Amino acid sequence: MPRFAANLSMMYPEHDFPDRFAAASADGFTAVEYLFPYAHDSKELRRRLDDHGLEQVLFNAPPGAWESGERGIAALPGRETEVRSGIAQALEYAAALDCPRLHVMAGLVPPDLTPKELAQHRDTYLANLEWAAERAAESDVDILVEPINGRDMPGYFLSRQAEAHAVVQEVGAPNLKVQLDLYHCQIVEGDLTTTLRRDLPTGRVGHLQIAGVPDRHEPDSGELDVRHLFGVVDDLGFDGWIGCEYIPRAGTSEGLGWLNHYRGDKA
């Protein structure tokens, strides 16, 4: 049965962030993910996890100036020093939280790049990912890359699954993997069943995420047949986590009816 992690950056907005751990645990979740831990002391986050019997399964490396609109810097030439500093900080948090996965965001690029400029961005991205994967391997941590749809994040460097898998294969590090968000994938290219059947058996997918399409609410709302998709994931023997990265329509707990079918797996 699929295993689900609550995304505390989007779920439980009715609670202050530190109190979302307790809320997720009360609803039966045994794992959490979120965007960034850096505004909080790692010891306090560790205590929240331990107090509520939760496992930290994913967070993002520092993304640059998030408040100013940056969405990662790994594919931005000239930001290599900042990338490396951020990876080092992320690995310190990962060690404190026993978190085995870090998502490294690529960043936004202009739409009118020349082929030469685009190649420079890609070369920078590959070099940064190679460096990050090498450092993360020392701590037994996976580095993840995620294609993100251009409707929600216009200009994001990586948008298609094939591009992400090509990057992973070109770098060639065994701990560099793809974060397959079915919400983003449906918006960009669809064909989710075929994508899962094609990509999960490769071993290159390190984490899944889900949300309803098109409004990013509960996954059982909108155009996705999540019972079917979760069945495909189960049939393929994927033993990782599925992050619930969605915005609840109303109260988070009240919207968890879709999860009842999987309660026997303790969320």
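**Notebook: a walk around the barrel**

I opened with G53, which counts as exposed at 53% relative accessibility (exposed is over 50% relative accessible area, buried under 20%, partly exposed in between, with a 1.4 Å probe and protein chains only). The model is predicted, so I kept in mind that local features need pLDDT of at least 70 and side-chain atom pairs pLDDT 80 or more, while totals for chains, interfaces and linings use all residues. Residues are numbered from 1 along each chain as its sequence is written, and side-chain values use heavy atoms, without hydrogens or water.

**Entry 1: where G53 sits**

I placed G53 in the loop between α2 and β3 (helices are DSSP runs of H or I with at least four residues, strands E runs of at least two, numbered from the N terminus). I then looked from G53 across to H261: the two are 208 residues apart in sequence, and their C-alpha atoms are 22 Å apart in space.

**Entry 2: the barrel**

How many strands make up the closed barrel? I followed 8 strands round it, in the order β1-β2-β3-β4-β5-β6-β7-β8, with parallel pairing. From one strand to the next, the twist averages 30 degrees (axes are lines fitted to C-alpha atoms, for helices over the stretch in contact, with angles from 0 to 180 degrees between N-to-C directions).

**Entry 3: β1 and its neighbours**

I checked β1 next and found 4 of its 5 residues buried, so the strand is largely enclosed by the rest of the structure. On one side, β1 (residues 3-7) runs parallel to β8 (residues 241-244), joined by 4 bridges (strands pair if DSSP finds at least two bridges between them). Here I noted A5 opposite G243 in β8, and F4 opposite I242 in β8. On the other side, 2 bridges join β1 to β2, again running parallel. Across that join, N7 stands opposite E33 in β2. The chain gets from β1 to β2 through α1, a β-α-β crossover that is right-handed (with the strands pointing away from the viewer, the path from the first strand over the helix to the second runs clockwise).

**Entry 4: β6 and its surroundings**

Is β6 largely enclosed or open? I found 6 of the 6 residues of β6 (residues 176-181) buried, so this strand is largely enclosed by the rest of the structure. With β5 (residues 142-145), β6 pairs in the parallel sense over 3 bridges, and V178 of β6 is the bridge partner of V145. With β7 (residues 205-210), β6 shares 4 bridges, and the two run parallel; Q179 stands opposite H207 in β7. I also traced a right-handed β-α-β unit made by β5, helix α5 (residues 161-171) and β6.

Then I looked at the helices on this stretch. Helix α4 (residues 115-137) lies across β5 and β6, running at about 155 degrees to β5. Helix α5 packs on the sheet and touches β5, β6 and β7, with its direction at about 170 degrees to that of β6 (contact means heavy atoms within 4.5 Å).

**Entry 5: aromatic rings**

My search of the whole structure gave 12 aromatic pairs (rings of Phe, Tyr and Trp, the last by its six-membered ring, pair with centres within 6.5 Å; planes under 30 degrees apart are stacked, over 60 edge-to-face, the rest tilted). One of them joins F21 and Y34 edge-to-face, at 6.2 Å centre to centre and 75 degrees between the planes. F21 lies in helix α1 (residues 17-26) and Y34 in the loop between β2 (31-33) and α2 (42-51), so the pair ties together parts 13 residues apart in sequence. F21 is buried at 0% relative accessibility, and Y34 is buried with a relative accessible area of 2%.

Y34 also pairs with F59, this time stacked: 6.5 Å centre to centre, 20 degrees between the planes. That pair links distant parts of the chain, the loop between β2 and α2 for Y34 and strand β3 (residues 55-60) for F59, 25 residues apart. I found F59 buried too, with a relative accessible area of 0%. Which residues form the one aromatic cluster? I listed F17, F21, Y34, Y38, F59 and Y93.

**Entry 6: charges over rings**

To finish, I looked up two arginines. R3 lies over the face of W241, at 4.1 Å from the ring centre (a charge sits over a ring if NZ of Lys or CZ of Arg is within 6 Å of the ring centre and within 35 degrees of the ring normal). The charged end of R71 sits over the ring of W66, 3.6 Å from its centre.
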